[in-house]
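Work through the exercises below with the structure open beside you. Try each task before you read its solution.

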Amino acid sequence: MLKAVDEIRRELGAEAVSTDEGDLEHHGYSEWSTSNADERPVAVVRPTSTEQVSTIAKICTKYKVPMIPYGAGSSIEGNFSCPYSGICIDLSAMNKIIQFRPQDMDVVVQPGVNWMTLNEEIKDSGLFLPLDPSPTAFIGGMVATNCSGTNAMRYGTMKDYVVNLTVVLADGSVIKTRHRPRKTSAGYNLNSLFTGSEGTLGIITEATVKLAILPTNFSVATVAFKSIHAAAAAASTMVRSGLPLAALELMDEVQMQTINKNGGTAGRMWEEAPTLFLKFSGTENAIKDSIKAAHTICRQHGASGFEGVNTKKEMDLLWSARKEALWAAIALKPEGTVIWSTDVAVPISRMADLIEESKTKATELGLWNSVIGHVGDGNFHQALIYHPDVASERQKVADCVDTMVQKAIEMEGTVSGEHGIGLGKKHCLLKELGPPTIGVMKALKDTLDPHWLLNPGKVFDE
């Protein structure tokens with residue numbers, strides 16, 4: 001590994017390579033990840049071009065050194081941990097918007113471009129990238145994990161926005177997945193192969209992504225309920241009714257308490273009850289009709305309050321409570337504890353039952369637990385806080401995870417709606433898909449990465 005580091009330093013320059021202990025720790029451990037490896041990378045390399053990434057890959061293949069792609073570090077399933085050490089390839093310096101084509105509604109970016117920065121840069125065009133994950137996320141990582149976020153209900157997930165990709169393979173060769181039309185039936189769909197592959201098949205160095213029309217009219221509402229089941233059931237009813245919502249999110253009473261303990265949002269304190277967050281967009285009349293219909297459905301499910309706003313300041317204030325959820329929980333966790341947070345997704349008709357079962361299980365075991373959900377598409381997250389050094393608490397968390405995952409599979413759902421498999425959910429993926437399907441995935445891995453050097457230990461093992 002050190003020979004590879006020395007050769008990379010000679011090829012790229014000393015300034016591109018770091019062996020600082022703090023830098024290695026930052027790139028090998030995450031406070032908000034469900035899984036972390038004990039090992040750390042031997043070096044962090046910061047390339048600035050596809051050519052430099054190719055050079056790194058050629059050298060790593062020569063010395064059989066693991067390569068771990070790294071974006072913003074906001075993933076939560078141990079996706080960038082280094083169980084076999086190796087060289088971390090930090091793509092944050094590749095942060096250029098290469099070409100913006102408003103007439104074609106697409107943009108070419110390097111992987112280190114932050115999605116919020118992109119949207120700010122192009123906002124005057126009336127276009128935007130509608131994915132809405134962590135505010136810190138980079139587009140390369142968003143593609144690698146097939147992210148979604150709060151807008152997925154209306155706009156879909158990252159796979160729906162990838163036009164083409166430039167990818168560096170394990171041996172350093174560079175491919176482009178396709179040309180730039182919105183549709184094609186020319187050959188295999190390599191966009192889908194690399195989107196969601198978590199850096200295990202290739203390193204994304206450039207992406208052309210579709211853009212959407214930025215709505216001119218918005219409105220946001222929050223609705224409190226007496227129970228988590230009632231809130232989830234109301235969400236399901238709204239979806240089934242065909243209500244044209246832009247987003248539909250759920251936070252349970254524990255999360256609302258957490259927000260209040262952190263001072264609320266801009267001083268605003270919240271009712272500590274399961275709460276739905278609704279976002280509407282469209283014409284003014286369409287928004288008014290949608291709010292009226294949503295209000296009626298929520299009352300049918302026993303809603304205890306319905307608050308709607310439409311000024312940008314008010315909307316940002318209300319929606320900020322949802323966006324600050326994970327950070328609020330991390331800020332309040334007791335000394336010596338860690339947070340476990342992951343997600344599953346199930347058919348919408350089963351969502352209310354699974355959310356209630358998951359919360360009940362964790363509460364019965366005496367664990368601090370909270371549920372946050374992209375309930376508009378049947379995807380929800382459960383967070384648990386526990387002491388990692390206490391064996392009984394670790395076992396309780398394992399029991400909760402296994403129960404939630406197994407129930408999701410029984411309901412024909414998935415063990416990961418948007419965060420990927422990473423380091424800690426490999427056994428869950430095997431339960432969901434079975435050995436034959438995993439075998440096909442391993443065959444693809446063997447072909448593209450015969451020495452298993454690209455982000456080894458993630459998704460599945462050799």
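**Exercise 1. Describe the span 37-214 in this predicted model.**

Solution.
- Step 1: Find the ends. The C-alpha atoms at the two ends of residues 37-214 lie 41 Å apart.
- Step 2: Read the secondary structure. The span is 21% helix and 24% strand.
- Step 3: Check the record. An unreviewed UniProt entry annotates residues 37-214 as "domain: FAD-binding PCMH-type".

**Exercise 2. Find which residues touch the most other members of the largest nonpolar core.**

Solution.
- Step 1: Take the whole set. The largest nonpolar core has 51 residues.
- Step 2: Pick out those that touch the most other members. They are Phe-225, Met-238, Leu-248, Leu-276, Leu-278, Ile-355 and Val-375.
- Step 3: Follow one of them. Setting aside neighbours within four places in sequence, Leu-248 is in contact with residues including Met-153, Ala-235, Met-238, Val-239 and Leu-276. Its contacts also include Phe-277, Leu-278, Gly-373, His-374, Val-375 and Gly-376.
- Step 4: Look for another core. One of 29 residues lies apart from the largest core. Among its members are Phe-128, Leu-129, Val-162 and Ala-212.

**Exercise 3. Describe the largest pocket and its lining.**

Solution.
- Step 1: Start with the principle. A probe the size of a water molecule, rolled over the atoms, shows where empty space is left.
- Step 2: State the volume. The largest pocket has a volume of about 970 Å³.
- Step 3: Go to the centre. The lining has 27 residues, and the closest to the centre are Leu-214, Phe-218, Lys-279, Lys-312 and Asp-316.
- Step 4: List the elements that give two or more residues to the lining. They are helix 4 (115-122), strand 7 (127-128), strand 12 (218-224), strand 14 (275-281) and helix 11 (312-323).
- Step 5: Name the main contributor. Helix 11 gives the largest share, 6 residues.
- Step 6: Sort the lining by class. It has 16 nonpolar, 4 polar and 7 charged residues.

**Exercise 4. How many cavities of 30 Å³ or more does a search of the whole structure find? Describe the second largest.**

Solution.
- Step 1: Count. The search finds 2 cavities of 30 Å³ or more.
- Step 2: Give the volume. The second largest cavity has about 30 Å³.
- Step 3: Name the lining. Thr-200, Lys-445, Trp-452, Leu-454, Asn-455, Pro-456, Gly-457, Lys-458 and Phe-460 line this cavity.
- Step 4: Sort by class. The lining has 4 nonpolar, 3 polar and 2 charged residues.

**Exercise 5. Is Val-109 buried or exposed? Do the same for Asn-260.**

Solution.
- Step 1: Place Val-109. It is in strand 6 (residues 106-109).
- Step 2: Apply the cut-off. Val-109 has a relative accessible area of 1%, and buried means under 20%. So Val-109 is buried.
- Step 3: Name its contacts. Beyond neighbours within four places in sequence, Val-109 is in contact with Lys-96, Ile-97, Ile-98, Leu-118, Ile-139, Glu-206 and Ala-207.
- Step 4: Check one distance. Val-109 and Ile-97 are 12 residues apart in sequence and 4.5 Å apart in space, C-alpha to C-alpha.
- Step 5: Turn to Asn-260. It lies in helix 9 (residues 253-261). Its relative accessible area is 10%, so Asn-260 is buried.
- Step 6: Name its contacts. Not counting residues up to four places away in sequence, Asn-260 touches Arg-268, Met-269, Trp-270 and Glu-272.
- Step 7: Check one distance. Asn-260 and Glu-272 are 12 residues apart in sequence, with 8.2 Å from C-alpha to C-alpha.

**Exercise 6. What is phi of Ser-85, and what is phi of Glu-198?**

Solution.
- Step 1: Read Ser-85. Its phi is positive, about 55°, although Ser-85 is not a glycine.
- Step 2: Place Ser-85. It sits in the loop between strand 3 (67-70) and strand 4 (87-90). Ser-85 counts as buried, because its relative accessibility is 10%.
- Step 3: Read Glu-198. Its phi is near 60°, a positive value in a residue other than glycine.
- Step 4: Place Glu-198. It is in the loop between helix 7 (190-194) and strand 10 (203-210). At 7% relative accessibility, Glu-198 counts as buried.

Conventions. Residues are numbered from 1 along each chain as its sequence is written. This is a predicted model: local features need pLDDT of at least 70, side-chain atom pairs count only at pLDDT 80 or more; totals for chains, interfaces and linings use all residues. Side-chain values use heavy atoms; hydrogens and water are left out. UniProt positions are given in the numbering used here, feature names are shortened, and annotations may be inferred rather than shown by experiment. Helices (H or I, at least four residues) and strands (E, at least two) are DSSP runs, numbered from the N terminus. A nonpolar core is a set of buried Ala, Val, Leu, Ile, Met, Phe, Trp, Tyr and Cys residues joined through side-chain atoms within 4.5 Å. Buried means under 20% relative accessible area, exposed over 50%, partly exposed in between (1.4 Å probe, protein chains only). Contact means heavy atoms within 4.5 Å. On a 1 Å grid over the protein atoms alone, a cavity is a set of points where a 1.4 Å probe fits but cannot get out, and a pocket is an open set with protein on both sides within 12 Å along at least five of seven lines; lining residues have an atom within 4 Å of a point. Grid points are joined across faces, edges and corners, and a volume is the space filled by probe spheres set on the points. Ala, Val, Leu, Ile, Met, Phe, Trp, Tyr, Cys and Pro count as nonpolar, Asp, Glu, Lys and Arg as charged, and the others, Gly among them, as polar.
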